[in-house]
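Biologist: Please take a close look at the salt bridges in this structure. I should like a connected account of the residues that take part and of how accessible they are.

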Amino acid sequence: MKQYRGRWALEIGVGSGVLLNLLEKNFANVIGSDIDLRALQHCRGRSGAMLACCDAASAFAGSFDLIVSNPPYLPDDKVRDMTVHGGLAGIETTIHFIRSALPLLARGGKMLFIVSSLADSSALDHLVGEKKMNKKVVREKRVFYETLSVIELDV
């Protein structure tokens, strides 16, 4: 994320707020959302970002230069933990976040998402084709039994 700069950035699912702090170094205005009020309370005071309790990007209008998320990405037939299980294929939450954020992406803007090699990302590839987005892997890291990929999307 260090290479991205601009006026407006949005993080979907702020969790601990680590990404918010990185975004604040390169963006004039940073907004974070989370469905978990406790996560937002944790971030308040640790970050100067504006925070909203909502599902994905549902509470926002406007135009963002960068939208980021480290969504729940592990596949599971039951959502045992909303912070790690991203649906049956592991990609459903990511797709929900992208669909929610896509109308907010500025011309020339980018989205960054984490995707696990354990997830069936064929639905993501279908969405990318359907919405005529460009997709590239910016970075990969092997962690234990999976590879995590940072995926960049733009239109």
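Modeller: In this predicted model, Asp36 and Arg38 form a salt bridge whose closest N and O atoms are 3.4 Å apart. Asp36 is partly exposed, at 26% relative accessibility, whereas Arg38 is exposed, with a relative accessible area of 63%; the latter value lies over the 50% cut-off, so Arg38 falls in the exposed class.

This pair belongs to a set of seven salt bridges that the structure holds. Another joins the side chains of Asp154 and Lys110, with an N to O distance of 2.9 Å. Asp154 is part of strand E7 (residues 146-154) and Lys110 part of strand E5 (residues 105-116), so this contact ties together parts that are 44 residues apart in sequence. Asp154 has a relative accessibility of 13% and counts as buried, because that value is under the 20% limit. Its partner Lys110, at 23% relative accessibility, is partly exposed.

The contact between Asp154 and Lys110 also has a wider setting: a network of salt bridges links Lys110, Lys136, Glu152 and Asp154.

A further salt bridge is formed by Lys131 and Glu130, where the closest N and O atoms are 3.9 Å apart; this distance is within the 4 Å cut-off, and the pair therefore qualifies. Both residues are partly exposed: Lys131 has a relative accessible area of 35%, and Glu130 has a relative accessibility of 39%.

Definitions and conventions: Residues are numbered from 1 along each chain as its sequence is written. This is a predicted model: local features need pLDDT of at least 70, side-chain atom pairs count only at pLDDT 80 or more; totals for chains, interfaces and linings use all residues. Side-chain values use heavy atoms; hydrogens and water are left out. Buried means under 20% relative accessible area, exposed over 50%, partly exposed in between (1.4 Å probe, protein chains only). Helices (H or I, at least four residues) and strands (E, at least two) are DSSP runs, numbered from the N terminus.
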